[in-house]
Amino acid sequence: MIKLLLPLTVCCCAAAPAAADLLLTEVFYDYVGVDDTYEWVEILNTGDAPVDLTGYIVAWGGTDYGYGTVVLQGQVEACGVFVVGGPGSTAGNGNPVFDQAVDLNPDIQNGGTPTDPTGADAVALFAPGANVLADVPLDAVIYGGTNPSGLIDETGQVGAPDVEDAPNGSTVARTSAAGSWSIREVPGPNSVDFSYVCGGTVPTRDGSWGTLKSSYR
Ligand SMILES: [Ca+2]
Ligand SMILES: [Ca+2]
Ligand SMILES: [Ca+2]
């Protein structure tokens, strides 16, 4: 009986992590000055295995998620973060180190709509091959005061805004794995600042990203 179970166990532990292991964690969409080439999006892999992000889609917009998209390329390490965008990196956008350096085009919208200055814009992560106009995103952050366009979130329902629109030079940043967000005055690319389940283990302390990551190596 043991001989039969062992290969099965190995097989299950080696399975690819679920897409739910991927979370949006921070978005820089409003540079002081022209935004072009300075915007970025940060993605966290909470799983205990690397994920090949090739084909995943980051999409953004105000009316829907079809305003702009970028198809991801590359791998995110276990319990690690991935930053896509740029390719500009200055103190003004937090000196990001890009895992995928690509100009996000057109630029991510900065909140507000022609008819509603508090109307939300949003950024979402979609699975490979998804139709960003029809499918439910894996995760989304909706920023603004109201959601007049009815942008959906990861539940598939029209989402309440997660956070107010960030002023230029700031980011919207996730503050919990469960999905709370806040405005971060100093951009923090390449790291996350909240504890999260990683590899099935809940970190026991709030530490810097370096100490958190080293505890899994
Ligand atoms: Ca922008
Ligand atoms: Ca751009
Ligand atoms: Ca961050």
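Which protein donors hold the calcium ion (ligand 3), and how far from the ion do they lie? The legends below begin with this site in the predicted model.

**Figure 1. Glu26, Glu42, Gly188 and Ser191 supply the protein donors of the calcium ion (ligand 3).** The donors lie 2.2 to 2.6 Å from the ion. Glu26 contributes an OE atom, whereas Glu42 is listed with OE twice. Gly188 and Ser191 each take part through the backbone atom O. Along the chain, these donors follow the spacing E-x15-E-x145-G-x2-S. Both Gly188 and Ser191 are buried.

**Figure 2. The calcium ion (ligand 2) is coordinated by Asp36, Asp103, Leu104 and Asp107.** Coordination distances at this ion are 2.1 to 2.3 Å. Asp36, Asp103 and Asp107 each offer an OD atom, while Leu104 offers its O atom. The spacing of the donors along the chain reads D-x66-D-L-x2-D. Two of these residues may be described by their accessibility. Leu104 counts as buried because its relative accessibility is 3%. Asp107, by contrast, has a relative accessible area of 24% and is therefore partly exposed.

**Figure 3. Glu39 is a buried residue without a salt bridge.** Glu39 is placed in the loop between β1 (22–28) and β2 (40–45). The nearest side chain of opposite charge belongs to Arg184, at a distance of 17 Å. A polar atom of the Glu39 side chain does, however, lie 2.8 Å from the backbone nitrogen of Ile108. Beyond its neighbours within four places in sequence, Glu39 is in contact with several residues, among them Phe28, Tyr29, Val84, Gly85 and Gly86. Its contacts also include Leu104 and Asp107, which are both donors to the calcium ion (ligand 2).

**Figure 4. Cis peptide bonds precede Pro87 and Pro106.** The bond from Gly86 to Pro87 has an omega near 5°. Pro87 is located in the loop between β7 (81–85) and β8 (100–101). For the bond that joins Asn105 and Pro106, omega is about -5°. Pro106 belongs to the loop between β8 and β9 (121–126).

**Figure 5. Asn95 and Asn190 have positive phi values although neither is a glycine.** At Asn95, phi is near 50°. Asn95 is found in the loop between β7 and β8. Its relative accessible area is 46%, so Asn95 is classed as partly exposed. At Asn190, phi is about 70°. Asn190 is situated in the loop between β12 (181–184) and α2 (209–214). With a relative accessibility of 24%, Asn190 likewise counts as partly exposed.

**Figure 6. Strands β11 and β12 form a hairpin.** Strand β11 covers residues 171–174 and runs antiparallel to β12, to which 4 bridges join it. Within this pairing, Ala173 stands opposite Ser182 in β12. There are 6 residues between the two strands. Gly179, in the turn, has a positive phi of about 120°. In a regular strand, side chains alternate between the two faces of the sheet.

Methods
Residues are numbered from 1 along each chain as its sequence is written. Chains are lettered from A and ligands numbered from 1 in the order in which they are written. This is a predicted model: local features need pLDDT of at least 70, side-chain atom pairs count only at pLDDT 80 or more; totals for chains, interfaces and linings use all residues. Side-chain values use heavy atoms; hydrogens and water are left out. Buried means under 20% relative accessible area, exposed over 50%, partly exposed in between (1.4 Å probe, protein chains only). Lys and Arg count as positive and Asp and Glu as negative; His and the chain ends are not counted. A salt bridge is a side-chain nitrogen of Lys or Arg within 4 Å of a carboxyl oxygen of Asp or Glu. A polar contact is a pair of N or O atoms within 3.5 Å; within protein, one must be able to donate a hydrogen and the other to accept it, and residues adjacent in sequence count only if both atoms are side-chain atoms. Contact means heavy atoms within 4.5 Å. Donors are N, O and S atoms within 2.8 Å of the metal (3.2 Å for Na, K and Ca); water is not among the atoms, so sites may look incomplete. Two strands pair if DSSP finds at least two bridges between them.
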